[in-house]
Amino acid sequence: MNEAKSATGIGASVKRKEDVRFITGSGCYTDDINQPGQSHAAFLRSPYARARIESIDASAALEIEGVIAVLTGADMVADGLGDIPCGWLVKQKDGSDMVSAPHPPMAATQTNYVGEPYGVVIADTLAAARLGMEAVLTDFTELDAIVDLATVRDSEQIHEGVEGNLAFDWELGEREATEAALASAAHVTRLDLTNNRLIPNAMEPRAALGIFDKVSGEHTLYTTSQNPHLARLVLSAFVQIAPEHKLRIVAPDVGGGFGSKIFIYAEETAVIWAARKVGRPVKWTADRSESFLADAHGRDHITHAELGTDEEGRFVALKVQTTANLGAYLSTFGSAVPTYLYGTLMAGQYSTPNIYVEVQGVYTNTAPVDAYRGAGRPEATYVVERIVETAARELGRDPVELRRLNMIKPDQFPYETPVALVYDTGNYEASLAKALVHADYAGFAERRAAAAAEGKRRGIGLACYIEACGLAPSNLAIQLGAQVGLYESGEIRVNPTGSVTVFTGSHSHGQGHETTFAQVVSDKLGIPFEDVEVVHGDTGRVEFGLGTYGSRSLAVGGSALIRAAEKLITKGRRIAAHMLEAEVDAVEFIDGDFLVKDSNQSLSFAEIAFAAYVPANYPEDLEPGFSEKAFYDPENFTYPAGTHIAEVEVDVDTGVVELKQFVAVDDFGNVINPMIVTGQVHGGVAQGAGQALLEQAIYDEFGQLVTGSYMDYCMPRADDVPDFTVDTTVTPCTHNPLGVKGCGEAGAIGSPAAIMNAVTDAVGDNSISMPATSEKVWRALR
Amino acid sequence: MKVSLTVNGDRHELDVPENTLLVEIIRERLGLTGTHIGCDTSQCGACTVHMNGRTVKSCSLLAGQIDGAEITTIEGIGTPEDLHPMQAAFRECHALQCGFCTPGMIMRAIELVEQTPELDNKAVREGLEGNICRCTGYHNIVEAVLHAARVPQSARAE
Ligand code: FES
Ligand code: FES
């Protein structure tokens, strides 16, 4: 028992439970599910970035064999459906609410980005639906597209009542103190940065299958969601598709999310609505072109930053001014990402005493922008770590030494930053030191010389990042504008034979919860790993949940399971005390056994479970049954942090940048499954490398998406990245029972800054922007 | 039009519209949903299968091009009880997260190992260039392929 437990318990690299179905082709993704009598949906999408819908003539489409219905945004309005709400209400500088333009599920009168759905054709077959789509005649009046961030404030108004296309003008920190400190600083480093717009590109496109049961009135929506309960809440309470108890949302196997599957989208909404309207199941699966156009995009900031230093090189003040492109509408977390998930991170790992951040969130005629892996924190890290590196160069200081000088020291925790966070714990110098060894930082000069001898330029760059995960606590988040709580639910149902089924409100779309959560529960309850089944992603089976984003699953969802397990143990001790005729206080729970102290009497977990369901010899005042649940609301964020070091080589003749080495040393607190954690870092780093070197979503002046397929949008492929060196340091989180911090986003947070510090170091030009394509680098070298 | 093809050893005679893609036949007509669709420009490799012993992107072949073909999909190479060495290597090396790219990756990796006697890290990376994975950063996929390449292929015939 003990041996088995240590091989599968907390800290073991257990092979994943979910893998067998995926490697044999037996996974069950939304598009793999079919219903008898199902029809297919094809969406009518705006060909213009901004246009008035004058009329829609569906008569020819309805003549086509197999076409069942053509439904429009106007039909949705007529049916009384509500708008899609933004989940975070940001307060502006002057205390007023942000200006949230109405976001109809499908456009009814005006479209505001290319690809925006304004209607849907339902047909017997997908082919017929597509033919129908071609046959619909829509009369648009094209309006000028507003896409340029530099001029958006002075452009025509996109939404009625939104002056200057400004959704919010937000600030954090002390402006006067920061400006005064900058004015008296010995040196001020100034930097203009662009954080390139990205398209998340989970490999599984979004999909939905809506089913309406006339008899029971029940709606079922299979969909690619990271948070099915939140989707149900919004679709029920705001969009008013159906009452919550008549709406079941199932997110089965989901092929990656990276944020893009958090949000409530038009298509999923339309599919479940249409299923009731046409009286048949309706299915829709995005093709990749639709994903490019209509998935929420990420990043897209322009920023000016100033960092003041004193004579010794200590940071005295940081001022950051950012314009964030929100796209045509405020998506679910669109307002939170460039504010509370961005401005709050500007202290980084440093004890900068004065910090001020202001962010103007603007509407443009582009797809909505929302959370993408890291969500605000990669953007913040990019600002902090690029300007720190730049300061080191300007001051002629070693970038490592300058960082070390300014780092928050281990004895300064808990550390309150000037931008509203309290870091509970950390040891930044430890991860820095370890990363330097892995990267052989000391040997870099030699490698640079060797590269130079071959006519290549070699550069090295660091990023010492911090992130805040597991947004919390709920009451604070709600005060700051969140429209939902940020706890998580967990339930452990023990079966009479002692095996358990775990229900979690977190959702796994690649993270491996079925394995990690089983490790946590089997370890805590001392039962075999194989005896734990993890259920997630179905509002019909799991009581409630807020889903998976912001690296919150283990820290919040895992903690809920620990709390539920503790309740089980408490109840088990009472049952055991009764059965063994001992005082409750004398019963201990160790490694799956309830033991009476100082005796050889004990009962196993399974025996207690059986007794709870067959209560023959049982405490009179205790309910039978052995099942407990908990809602866990964290006290604080968790603060993963670490150092990433990139080394690149630039071909002077071609401008091609080769990522030669990437080292990531992260402090995620305690680690449950090192294999899975390492994999999360690998994936994040590759996405960050994609942002730094390859990826960019580009709209032209008419608001047409130029990078609308894998031919034009450059995804990192196997030969674009090297093997990565990944290691950890540990300072356990102080406020959750597992001591964990979250590992899902770190790779994508630290890597862009580290890589761009390396590229600009190699080229000797600090103005190169992401992505550092061969063309840009080649030009910079001329 | 009529097509006949063999998929995972089973022969099928089908009547399909001319513009039907092989991947649609596999997924919709035969219900073999292990083969995935990740793009519409033949760029991602999620749909990779073996046709007459070579990997093809099944989203880029029309019904008229596959008459008489022998197709093997992810469902045809191993079972949970008897995994293909490449399937086992993917699990062993944690070479998958969401699993969506995985069937295509495995099909391509099998061919790569068969075709290339001396595989190294660089050759694997170049060989997998046609398959996109958004989750793993490729590190563990490369490791899995090299791991499987070390297993004698005679250990288990496809
Ligand atoms: S679906 Fe075939 S290559 Fe993408
Ligand atoms: S494992 Fe998710 S795309 Fe490769």
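**Group meeting: a buried strand, the A–B interface and some salt bridges**

Let me begin with strand E5 of chain A, residues 117-123, which is mostly covered, since 7 of its 7 residues are buried. I should say at once that this is a predicted model, and that what follows is computed from it. E5(A) pairs with strand E1 of chain A, residues 39-45, in the antiparallel sense over 6 bridges, and within that pairing His40(A) has Ala123(A) as its bridge partner. Strand E3 of chain A, residues 67-72, also pairs with E5(A) in the antiparallel sense, here over 5 bridges, with Ala69(A) standing opposite Ile122(A).

Now to the interface, where 51 residues of chain A are in contact with 45 residues of chain B. The area buried between the two chains is about 4,100 Å², and carbon and sulfur atoms give 56% of that area. On the chain A side, the residues that lose the most area to chain B are Ile23(A), Met203(A) and Arg717(A), which together make up 19% of what that side buries.

As for the polar part of this interface, there are 27 residue pairs in polar contact between chain A and chain B, counting pairs with both residues at pLDDT 80 or more. Helices H2 (19-23), H9 (288-294) and H18 (674-693) of chain A each supply at least two residues to the side that touches chain B, and H18(A) gives the most, with 8 residues. By residue type, that side of chain A divides into 24 nonpolar, 14 polar and 13 charged residues. The rule also finds 5 salt bridges across the interface, and one that joins the two chains is between Lys15(A) and Glu92(B), at 3.9 Å from N to O.

Over all chains, the structure holds 57 salt bridges, and I would like to set two of those within chain A side by side. Arg552(A) and Glu488(A) form a salt bridge with their closest N and O atoms 3.1 Å apart, and this pair links distant parts of the chain, 64 residues apart, with Arg552(A) in the loop between strand E21 and helix H16, and Glu488(A) in strand E19. Are these partners buried or exposed? Arg552(A) is buried, at 2% relative accessible area, and Glu488(A) is buried too, at 0%.

Glu566(A) and Arg563(A) form a salt bridge at 3.2 Å, and because they lie 3 residues apart in helix H16 of chain A, about one helical turn separates them. Glu566(A) is partly exposed at 28% relative accessibility, as is Arg563(A) at 33%.

Key
Residues numbered from 1 in each chain as written. Chains lettered and ligands numbered in written order. Predicted model: local features only at pLDDT ≥ 70, side-chain atom pairs only at ≥ 80, totals over all residues. Heavy atoms only, no water. Contact = heavy atoms within 4.5 Å. Buried area = accessible area lost by both parts, 1.4 Å probe. Salt bridge = Lys/Arg side-chain N within 4 Å of Asp/Glu carboxyl O. Polar contact = N/O pair within 3.5 Å; in protein donor to acceptor, adjacent residues only side chain to side chain. Helix = DSSP H or I, 4+ residues; strand = E, 2+ residues; numbered from the N terminus. Nonpolar A, V, L, I, M, F, W, Y, C, P; charged D, E, K, R; others polar. Buried < 20%, exposed > 50% of the residue type's maximum accessible area, 1.4 Å probe, protein only. Pairing = 2+ DSSP bridges.
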